[in-house]
Amino acid sequence: MPENDDVRFTSCSLKLPPFRHHPSPLFSNLQFTSQLLINSLRKPPKFPNFNFNAKKYNIADFFNHFTKPPKFLSSFIFHPPSKSSLLCSASLALSQNGGGNAGSDLGGSTSQSALKNPSPSQNTSRDEERVLISEVWVRNKDGDELERKDLESEAINALKASRPNSALTVRDVQDDVHRIIASGYFASCMPVAVDTRDGIRLVFQVEPNQEFHGLVCEGANVLPSKFIEDAFRVGYGNVVNIRRLDEVINSINGWYMERGFFGMVSGVEILSGGMIRLQVSEAEVNNVTIRFLDRTGEPTVGKTRPETILRQLTTKKGQVYSMLQGKRDVDTLLTMGIMDDVSIIPQPAGDGTKVDLTLNVVERKSGGGISAGGGISSGITSGPLAGLIGSCAIYHKNLFGKNQKLNLSLERGQIDSIFRINYTDPWIEGDDTRTSRSIMMQNSRTPGTLVHGNQLNNSSLTIGRVTAGIEYSRPFRPKWNGTVGVIFQRAGARDDKGNPVIRDFYSSPLTASGNSHDDMLLAKIESVYTGSGDPGSSM
C-alpha cells in the first residue's frame, strides 16, 4: 500500500457544553506524518487526571439557584492541572493533490505557512474533507485493550459516525469524542489515526473513571447524612458515571430547594482510590437588622423595641437560612397585632459565604386609644332614662414598646356596672421558654331582683362580685401549649343602702357559707393541642 504522504494532522480542542473551561490546544501548528502517528502509539502522551475543582462559593449563586436552578456540571469551573487541554482530538486534513505535489506540500514553505496562518476558507474545507477509515478501535490511554469489556461496549455504543470502512470528517470524529465523554464513564478521550497496510485505523484512546469506593462530604450541616448515603449507595463499587453523579447532585440541590434552605453543591472532586469529595455550601445568617418604614416606604423611627421583635424570630445568627422558616417568622410577627406589614430581605454578606437579613417593618398607626359608646337595653328599671347604658375603654397594644397590652373598660347602667382591668405580657422579659403572663381584675354589680325578689322594705337586691386572676402560658412541646393559673372571687348580696343581705325575699340563703359573702379560689390547668397549625382547630 503506498505511503499516505497527503495526510496531514493538526490538533484542536474539544469544547464540552456541560463544562465551563478555557481550552488551550494540546498541540498547535504541528504537521504529523503517518510514521509520527505510529511512533506516538509507542510513547503515548500522558493524560491529566479527571478532576473537578470547586469554584469559590458566593452567596449570589444561591439567589440565582432559587430563581433558576443551575445544572451541576455548569456550576463548576474546570481547571486542568497543566496548561494543555484535557480533551483533545486530532484534526485530519487531507490534500487532494497528487503524489509529487503532496510531497511538495508537506515539505514546502507554502504548506507550513498555511498551517501557521490558516484562512477561514481553508479551515472550512479541511473540516469538510473526508478520510476513509478502515478500522475503529477503542483502547486505553496506553493503546492496550480495556480490562473491562463493558466499558469498551459503552464507548463503542456511543459512537455514531465512526464505523469501519466509513469516510469521516474532522467534525465527525470530534462529535464522536463528545459522545464518548457524554456517556459519563470516561475521564478523557483522544482519537489517534494509525496508518496500517490495510488503511487508516482510528483508535479512541480513553481513560475510564475510577471505581467509587468512598465519599467525603464537607460543609453539609443541615443535610441529613442518611440522605447522602442513600443517594450514593447505588453507585458504590461501580465505575463513576458523571451523568449519574449529575443526577445525585441535582437531587441534593432539590432537597435544599424543597425546604427553602440557601444551600447547594458547590464542588465535586474525584480523588485517587475512588474517593469522591463533595463540597456543600450553605448560607449562614450573618446578621439580622430591623428597618422601620412608614406607609410610603420611607425610613422612620419605630415605637417597638428591636429586641422585642428579634426575640420572636426563630432564625438566629449562625443558622443556615431557610425561606420557609423566614415565612413562619413573618407570620409570627404579624400575629403580634402591632404591625401592618413585615418582609425579610436577604443580602450577600462578607466574603459571600453568609447572608444578612433585613426586616422591613411597617407599624400600625396607633398602638392605643380611647373608645366610648352607649345604648338602650330593656331592663327592670323605670323612669325617663330606663335601660340607658354607657361604656368607655382605654387600651394600649404596645405598652413601653414591648408588645405588652393594657385594657381598662367600664360599663355603667342605672343599676348594674362592670369595671375590668386586663394586662398581658406575651413574653416575659428574660425568659427563654416563651412564657406569657396575663393579669385580670374585675368588679361587677348585677341586679338580683328577678330571681330573688325585692326586700321587705321594697328595696332592690344587687349581687356584687370582685374577681382577680393570674395565668402563665407557654409551649412545652411542638403543637402543644400549656396554661396554669389561679382565680380568686368574692361574691355577696347587698341592698340599696349597701347593707349585706344573707337571705332573699323567699328566705333562701344567698351565700353558701352563711356569712355576708363567699370566697372562692380556682386553680386552672389547661393543655391545648393544635395539629394543623390553625389556632381555630385547637383541642
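Strands here are DSSP runs of at least two residues, numbered from the N terminus. The model is predicted.

**Exercise 1.** Describe the hairpin of β18 and β19: how many residues lie between the strands, and which turn residue has a positive phi?

Solution.
- Step 1. Locate the strands: β18 covers residues 462-477 and β19 covers residues 480-494.
- Step 2. Two residues lie between them, and K479 in this turn has a positive phi of about 70°.
- Step 3. The two strands pair in the antiparallel sense over 15 bridges. Within this pairing, I470 stands opposite V486 in β19.

**Exercise 2.** Find which strands, apart from β18, pair with β19, including β21 and β20.

Solution.
- Step 1. Strand β21 (residues 517-529) runs antiparallel to β19, and 13 bridges join the two. W480 stands opposite Y529 in β21.
- Step 2. Strand β20 (residues 500-501) pairs with β19 over two bridges, also in the antiparallel sense. The bridge partner of R494 in β20 is P500.
- Step 3. Five residues separate β19 and β20 in their hairpin, where G498 takes a positive phi near 90°.

**Exercise 3.** Explain why one side of β7 and one side of β8 lack a neighbour in the sheet.

Solution.
- Step 1. The open sheet has three strands in the order β7-β9-β8, with mixed pairing.
- Step 2. β7 (214-218) and β8 (263-270) are at the edges and have a single partner strand each, so one side of each is left without a neighbour in the sheet.
- Step 3. For β8, seven bridges join this strand to β9 (residues 275-282), antiparallel. V265 stands opposite V280 in β9.
- Step 4. Helix α9 (residues 242-258) packs on the sheet and touches β8 and β9; the direction of α9 makes about 155° with that of β8.

Notes. Residues are numbered from 1 along each chain as its sequence is written. This is a predicted model: local features need pLDDT of at least 70, side-chain atom pairs count only at pLDDT 80 or more; totals for chains, interfaces and linings use all residues. Side-chain values use heavy atoms; hydrogens and water are left out. Two strands pair if DSSP finds at least two bridges between them. Helices (H or I, at least four residues) and strands (E, at least two) are DSSP runs, numbered from the N terminus. Contact means heavy atoms within 4.5 Å. Axes are lines fitted to C-alpha atoms, for helices over the stretch in contact, and angles run from 0 to 180 degrees between N-to-C directions.
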